[in-house]
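Hi everyone, thanks for making time. I'd like to walk you through one structure today, so let me get it up on the screen.

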Amino acid sequence: MAQRSQRTGLILLSMALGLLMASLDNTIVSACINKVIVDIGGFEQFNWVFTAYMLAATSTMLIFGKLSDLFGRKRFYLIGIGLFLIGSALCGMAGNIQQLIWFRIIQGIGSGSVFPISFSIIFTLFNDPKQAAKLSGVMGAVFGLSSVAGPQLGTLISDQLSWRWCFYVNLPIGLASFLVLLIALKESRAERKPKIDYLGALLLIVSTVSLMLALELGGKDYAWGSWQIVGLFVLAALGTAAFLFVESRAEEPMLPLPIFRSRLVLGTSILCFCQGVIMFSAITYLPIYAVAVLGRANSNGILTPMMASLICGAILSGFLAGLFKFRTIMFVNMALGVVAAILLMSMSPSTPFWQVIGIMILLGVGVVGPLMSLAQNAVAMSVDPKYIGISSSVVGFWRNIGGIMGASVMAVLVNDSLKSSAVEAGERFS
């Protein structure tokens, strides 16, 4: 019994290290990107360092989740960690921005495995929903911790060593996670050889990448009405229609559509999409608001309260899940999300900074943090155990799609606001 408990503890340590590595990566890179540009150039393309990573992670997330259901979670978690480590080592050796972007794709593919499979391993190990909820809350807190520490750590490493070490730092963390899980987790092999839905996987990647590219490039690199953006939206729509058709007839679909017959799964997916919209919009544009409108010296002061309270929200919701139904907690979560959105929309240059901080704390503890753990649990407990891997992937997938869409819509609103301000200023001085 003690040996089994010790092994379980090692597995949880491995999951925590893997999540820490994958979630730490983006915030560390954002802090060192200026050093990257100074060293290897590529100012015009630096945004693709983040976009390529997000595209790769989101488009492969559902595929890894399904493959882990079919062939075992350990195998594909180790593959994901391995790809992430290879990508990190290559990123650290990149000689130009183009190489860095391609190597970030390798990292992103690995990340697409780490996030969903980490949670599905927890649900496999712990049959007690209350215990799984508490541990998921702790894992959500790991994400929040990395978000708080990432910018400061990235700045420190790039200043004291080199921006390349912001990627090399992943190697010892990832290697420890790889070795611990390799030794500690024992899995039985399936007796039959499952059939892989290759066409479904291809259509999923095509439709996801097309949609995310259209949202990323629209209004920035190309006009929304340009043939490039319209073509990407059309390709995304056709790809999605073909994907749904194929999945409804596949013997072993990449995304089993019947799981969405559960109202809790469908509702949680919508909530995660909305969470992504709010979270990514806040992370992307509130720092600009703090510096340009509120006149703050730096942007850290506005995001740190949200990320710190996110940790509290994730842990607290994990314990509350043992006392209340998921629906009850998520209803409160949704109501607080509406309140936070209204408060964000009502902000103006005269809004006191303490009030802005209060909104950030509300976002972290009441909106973003709870869904980091609750969403995984709610979906996993509502599907057949054979779909736990894909169900964990669904949560991250909709969160990322919502995030890209939210950031894109905010970009349009901010650009229109800037144009209006410029016109008004021109009229005043003419």
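I'll go from the overall fold to a helix pair, then the cores, and then a few single residues.

First, a reminder that what you're looking at is a predicted model. The protein has 430 residues, and 51% of them are buried. On secondary structure, we have 14 helices and zero strands. So if you read along the sequence, you just get α, over and over, from start to finish. How much of the contact map comes from residues 24 or more positions apart? Taking contacts with a separation of 6 or more, such residues account for 82%.

Okay, let's zoom in on a helix pair. Helix α2 covers residues 47-71, and helix α3 covers residues 73-92. Their axes are 8 Å apart, and the packing angle is about 155°. The cut-off for roughly antiparallel is over 145 degrees, so that's what we call α2 relative to α3. On the α2 side, the contact is made by Tyr53, Phe64, Leu67, Ser68, Asp69 and Phe71. On the α3 side, you have Arg73, Arg75, Phe76, Leu83 and Phe84. What's the chemistry of that contact? It splits into seven nonpolar residues, one polar and three charged.

Some of those names come back when you look at rings. Phe64, Phe71 and Phe76 are linked into a cluster by ring pairs. Over the whole structure, the search turns up seven aromatic pairs. One I'd like to show you is Phe397 with Trp398: the ring centres are 5.4 Å apart and the planes sit at 80°, so this one is edge-to-face. Are those two residues buried or exposed? Phe397 has 10% relative accessibility, so it counts as buried. Trp398 comes in at 29%, so we call it partly exposed.

Now the cores. As a bit of background, nonpolar side chains in soluble globular proteins tend to be buried together. Here, the largest nonpolar core has 88 residues. Which residues have the most contacts inside it? Those are Tyr77, Ile121, Leu181 and Leu363. The largest share of this core comes from helix α13, residues 353-380, which puts in 14 residues.

Let's stay with Leu363 for a second. If you leave aside neighbours within four places in sequence, Leu363 is in contact with Ile278, Ala282, Met306, Ala340, Leu344, Val368 and Gly369. Apart from the largest core lies another one, of 20 residues, and Leu24, Val36, Ala94 and Trp163 are among them.

Next, two residues on helix α10, which runs over 263-292. One is Met279, and with a relative accessible area of 4% it's buried. Here's a link back to Leu363: the C-alpha atoms of Met279 and Leu363 are separated by 8.1 Å, though the two are 84 residues apart along the chain. As for what Met279 touches, not counting residues up to four places away, we get Val368, Met372 and Arg399.

The other is Thr268, also found in helix α10. How accessible is Thr268? At 1% relative accessibility, it counts as buried. With the neighbours up to four places away left out again, Thr268 touches Met330, Ala375, Ala378 and Val379.

Let me finish with two loop residues. Met254 is in the loop between α9 and α10. It's a loop residue, but at 2% relative accessibility Met254 counts as buried. Beyond four places in sequence, Met254 touches Leu62, Ile63, Lys66, Ile196, Asp197, Gly200, Ala201, Leu204, Glu247 and Ile390. And from Met254 to Tyr198, 56 residues apart in sequence, the C-alpha distance is 8.2 Å.

Ser382 is in another loop, this time between α13 and α14. Ser382 has 25% relative accessibility, so it counts as partly exposed. What does Ser382 contact, once you set aside neighbours within four places? That would be Ser262, Leu264 and Val265. And Ser382 and Ile259 are 8.2 Å apart, C-alpha to C-alpha, with a sequence separation of 123 residues.

That's my tour. Happy to rotate the model or jump back to any of these residues.

Notes: Residues numbered from 1 in each chain as written. Predicted model: local features only at pLDDT ≥ 70, side-chain atom pairs only at ≥ 80, totals over all residues. Heavy atoms only, no water. Axes fitted to C-alpha atoms, helices over the stretch in contact; angles between N-to-C directions. Helix = DSSP H or I, 4+ residues; strand = E, 2+ residues; numbered from the N terminus. Parallel < 35°, antiparallel > 145°, perpendicular 65-115°, else oblique. Contact = heavy atoms within 4.5 Å. Nonpolar A, V, L, I, M, F, W, Y, C, P; charged D, E, K, R; others polar. Core = buried A, V, L, I, M, F, W, Y, C linked by side-chain atoms within 4.5 Å. Buried < 20%, exposed > 50% of the residue type's maximum accessible area, 1.4 Å probe, protein only. Phe/Tyr/Trp six-rings, centres within 6.5 Å; stacked < 30°, edge-to-face > 60°.
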